[in-house]
Amino acid sequence: MKLYGGIDLHSNNSVLVLIDEQDKVVYEKRLDNKLERILNELKTYRKHVVGLAVESTYNWYWLVDGLMEAGYSLHLVNTAAVKQYDGLKYTDDRHDAKHLAHLLRLGILPQGYIYPKAQRAVRDLLRKRMQLVQQQTANVLSIGSLITRLTGHGLTCNHIKRMTDEGLSRMGIEGEWKLALNANLSVLQCLSDQIDTVEKVVLARVKPEPGFTSLLSVAGVGKILGMTIWLETGYIGRFKQVGNYASYCRCVGSQRLSNGKKKGQGNHKNGNKYLGWAYVEAANFGRRYYAPIDRFYQRKRARTNAIVATKACAHKLARASYYVLRDQVPFDIERAFST
């Protein structure tokens, strides 16, 4: 007898359903999110379980890792691609778990990538760096806005980051305004220190590999952005074509067109937001320091707006990076931005 499992995972509990080859429910129960409890419930059926489908929710690490270490075949579900049966008038967690098991049995379960546990911690540390950088930018903008409001003069980001209490006094800023700015400056310094710490740890943890070395040849990609792209991409072979990778990087539109007219729109949030951010950052650096990228950007900018033009550059870099990673060849800027 072969059994197929579906697990509808929530924040504090999971619904586990096992079905046989005729879609008959053999076991179903709501369990607390305790690995020992779930493994104990599965123990009776272990030799018959062909695979387990687990929803790709925000908290899947502990469950997927634990079940894999226990010897089960795990399938991480791409929840955005799962379509429920439209004929159901009422559904609940039990129906959802059974539906996942049913799709697994039929071999049509949309699956996500189970990122290797060994590298996941470093990847998530880089994600934390991105969050800190965004908070740093928010504080820089807040400081710059207030100083402009008080003095009528704008400051560069580098000037703001070097600003001191004495510098504020020389600008004639005192009292409550000075206190407000010093609060932002204190947070800014703390964020800068933490970002530096994270970068040092990441640089020490990631071992240079041929694919990563090739990635550093891409215009606008330095060590930190390169590591972000390298770790977020994972195994490049999981993307069948360059278009799949560009879509995963959120570098393509989500509109559906027919005869030149918009007929709908897909989920623009599908894909990896961290890769999307990394390639936009690379595009901004690239057009600043590389003439071919800036020429391409200016041509696009003349026909559209700055955001779309930047995304077009990011799209080019993402497509080029796919071949750089897959074939481990150096980046060719003239070939990438020839049109």
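Strand 2 (13-19), strand 3 (25-32), strand 4 (49-55) and helix 2 (61-69) are among the elements that cover the buried residues of helix 1. The model is predicted. Helix 1 spans residues 35-42, and its buried residues are Ile-38, Glu-41 and Leu-42. Viewed down the helix axis, these buried residues fall within an arc of 100 degrees, so they line one face of helix 1. An α-helix has 3.6 residues a turn, so residues three or four places apart point the same way.

Leu-67 lies in helix 2. Its relative accessible area is 0%, and Leu-67 is therefore buried. Beyond residues up to four places away in sequence, Leu-67 touches Ile-7, Leu-35, Ile-38, Leu-39, Leu-42, Leu-52, Tyr-72 and Leu-74. Two of these contacts, Ile-38 and Leu-42, belong to the buried residues of helix 1. The C-alpha atom of Leu-67 is separated by 10.0 Å from that of Glu-36. These two residues are 31 residues apart along the chain.

Ile-7, a further contact of Leu-67, points from strand 1 the same way as Leu-3, Gly-5 and Leu-9. Tyr-4, Gly-6 and Asp-8 point the other way. Residues on both sides are buried. Strand 1 (residues 3-9) is thus mostly covered, with 7 of its 7 residues buried. Strand 1 runs parallel to strand 4, and 5 bridges join the two. In this pairing, Ile-7 stands opposite Val-54. With strand 2, strand 1 pairs in the antiparallel sense over 6 bridges. Here Ile-7 stands opposite Leu-16. Strands 1 and 2 form a hairpin, with 3 residues between them.

Salt bridges were examined next. The structure holds 13 salt bridges. One of them joins the side chains of Arg-105 and Asp-23, at 2.9 Å from N to O. This pair links distant parts of the chain, 82 residues apart. Arg-105 sits in helix 3 (residues 93-106), and Asp-23 in the loop between strand 2 and strand 3. Arg-105 is partly exposed, with a relative accessible area of 25%. Asp-23 also counts as partly exposed, at 21% relative accessibility.

A salt bridge also forms between Arg-120 and Asp-65, with the closest N and O atoms 2.7 Å apart. Arg-120 in helix 4 (residues 117-151) and Asp-65 in helix 2 are 55 residues apart, and the pair links distant parts of the chain. Both Arg-120 and Asp-65 are buried.

Helix 4 contributes to another such link. The side chains of Glu-199 and Arg-129 meet in a salt bridge of 2.8 Å, N to O. Glu-199 lies in helix 7 (residues 175-205) and Arg-129 in helix 4, and 70 residues separate them along the chain. Glu-199 and Arg-129 are both buried. In addition, salt bridges link Arg-123, Asp-124, Arg-127 and Glu-232 in a network.

Cysteines were considered as well. The structure holds 0 disulfides. For Cys-190, the closest cysteine sulfur is that of Cys-157, 19 Å away, which is too far for a bond. Cys-190 is partly exposed, at 43% relative accessibility. For Cys-313, the closest cysteine sulfur belongs to Cys-251, and the 11 Å between the sulfurs is likewise too far for a bond. Cys-313 is buried, with a relative accessible area of 0%.

Aromatic pairs were searched across the whole structure, and 10 were found. Phe-239 and Tyr-245 form an edge-to-face pair, with 5.1 Å between centres and 70 degrees between planes. Phe-239 is buried, with a relative accessible area of 8%. Tyr-245 counts as buried at 0% relative accessibility. Phe-239 also pairs with Tyr-248: the ring centres are 5.2 Å apart and the planes stand at 45 degrees, so this pair is tilted. Tyr-248 is partly exposed, with a relative accessible area of 23%. Ring pairs link Phe-239, Tyr-245 and Tyr-248 with Tyr-279, Tyr-322 and Tyr-323 into a cluster.

Terms used:
Residues numbered from 1 in each chain as written. Predicted model: local features only at pLDDT ≥ 70, side-chain atom pairs only at ≥ 80, totals over all residues. Heavy atoms only, no water. Buried < 20%, exposed > 50% of the residue type's maximum accessible area, 1.4 Å probe, protein only. Helix = DSSP H or I, 4+ residues; strand = E, 2+ residues; numbered from the N terminus. Arc of directions from axis to C-beta. Contact = heavy atoms within 4.5 Å. Disulfide = S-S within 2.5 Å. Salt bridge = Lys/Arg side-chain N within 4 Å of Asp/Glu carboxyl O. Pairing = 2+ DSSP bridges. Phe/Tyr/Trp six-rings, centres within 6.5 Å; stacked < 30°, edge-to-face > 60°.
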